[in-house]
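Reader: I'd like to learn how to read a ligand site and a fold from a model. Can you walk me through one?

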Amino acid sequence: MILRRMEKRDVPQVAAIERSTFSQPWSENAFLESLTNNYAYFLVAQEQVANSAGDEAAVIVGYVGMYISFEEGEITNVAVAEVLRKNGIGEALIRRLLADAPKLGVTRIVLEVRVSNAPAIRLYEKCGFKEIGIRKGFYDFPKEDGSIMVWESETEQEV
Ligand SMILES: CC(C)(COP(=O)(O)OP(=O)(O)OC[C@H]1O[C@@H](n2cnc3c(N)ncnc32)[C@H](O)[C@@H]1OP(=O)(O)O)[C@@H](O)C(=O)NCCC(=O)NCCS
């Protein structure tokens, strides 16, 4: 698996995963706009897959996106293709994003997640995010509360 910055050519595959995952998916245009935004940082996970004729093709299997405002990032999207979940792809994407945060000047990352979304909450907790509050009725289709979670980089203590 390769992790790399999202490019324009990835967007149709990314948007297809997005549509099959979320009740209010981002459009292809929304992803394309984010790629021209200097304050957005989007990564994809790519696998090489061989078809029946033996030809290799690059397939996008997951992605994560973050918008940056000064030293704070906000994760806007994370998804892994349904058939490939539970293989470490989501964790690899989040850990790469957190590893890249310092060079982006980001020391704190926030996100919202549906309170019923146990897989995502477990993933974020495993990667060091902590719940700081609940946003009542944040989500629609279906209506649901959002858990606000935050990750903060470990800053060195002054002695
Ligand atoms: C959330 C999501 C991105 C996780 O991706 P993934 O590649 O399946 O996750 P990983 O295999 O890397 O799992 C990493 C950790 O996440 C947690 N996790 C993932 N799937 C889980 C599940 N079904 N149940 C419980 N915990 C789960 C576990 O802590 C896991 O660590 P472990 O394997 O040591 O137990 C994926 O389930 C997904 O695309 N969901 C739909 C989209 C979504 O909900 N996005 C988040 C919106 S805020």
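Author: Sure, and keep in mind that this is a predicted model. Start with which elements surround the ligand: β4 (72-80), α3 (89-100), β5 (108-114) and α4 (118-126) each give at least two residues to the shell.

Reader: Which element supplies the largest share of the shell around the ligand?

Author: That's α4, with six residues.

Reader: And how do I get a feel for the chemistry of the shell?

Author: Sort the residues by class. Here the shell around the ligand splits into 10 nonpolar, five polar and six charged residues.

Reader: Which of the 21 residues around the ligand come nearest?

Author: Lys86, Gly88, Gly90, Asn117 and Lys126 do, out of the 21.

Reader: Next, polar contacts. What should I look for?

Author: Look for N or O pairs within 3.5 Å, and check whether the protein atom belongs to a side chain or to the backbone. Lys126 has a polar side-chain atom 2.6 Å from an oxygen atom of the ligand. For Asn117, a polar side-chain atom is 2.7 Å from a ligand oxygen. Glu91 uses its backbone instead: a polar atom there is 2.8 Å from an oxygen atom of the ligand.

Reader: How much of the ligand's accessible area does the protein cover?

Author: On its own the ligand has 920 Å² of accessible area, and the protein covers 75% of that.

Reader: Where does the ligand sit?

Author: In the largest pocket.

Reader: Let's zoom out. How do I read the fold?

Author: Count the elements, then read their order. This chain has four helices and seven strands, and along the sequence they run β-α-α-β-β-β-α-β-α-β-β.

Reader: Why call the chain as compact as a globular protein of that length?

Author: Compare its radius of gyration with the globule rule. The chain comes out at 16 Å, close to the 15 Å the rule gives for 159 residues, so it is as compact as a globular protein of that length. Along the principal axes, the C-alpha atoms fill a box of roughly 60 × 40 × 30 Å.

Reader: Any backbone geometry I should check?

Author: Scan omega and phi. Phe141 and Pro142 are joined by a cis peptide bond, with omega about 0°, and Pro142 is in the loop between β6 (130-139) and β7 (144-152). Then there's Lys86, a residue other than glycine whose phi is positive, near 70°. Lys86 is in the loop between β4 and α3, and it's also one of the residues that come nearest to the ligand.

How values were computed: Residues are numbered from 1 along each chain as its sequence is written. This is a predicted model: local features need pLDDT of at least 70, side-chain atom pairs count only at pLDDT 80 or more; totals for chains, interfaces and linings use all residues. Side-chain values use heavy atoms; hydrogens and water are left out. A residue is near a molecule or strand if one of its heavy atoms lies within 4 Å of it. A polar contact is a pair of N or O atoms within 3.5 Å; within protein, one must be able to donate a hydrogen and the other to accept it, and residues adjacent in sequence count only if both atoms are side-chain atoms. Accessible areas come from the Shrake-Rupley method with a 1.4 Å probe; for residues, only the protein chains shown count as cover. On a 1 Å grid over the protein atoms alone, a cavity is a set of points where a 1.4 Å probe fits but cannot get out, and a pocket is an open set with protein on both sides within 12 Å along at least five of seven lines; lining residues have an atom within 4 Å of a point. A molecule sits in a cavity or pocket if more than half of its atoms lie within 2 Å of its grid points. Ala, Val, Leu, Ile, Met, Phe, Trp, Tyr, Cys and Pro count as nonpolar, Asp, Glu, Lys and Arg as charged, and the others, Gly among them, as polar. The radius of gyration is taken over C-alpha atoms; the globule rule is 2.2 Å times the number of residues to the power 0.38.
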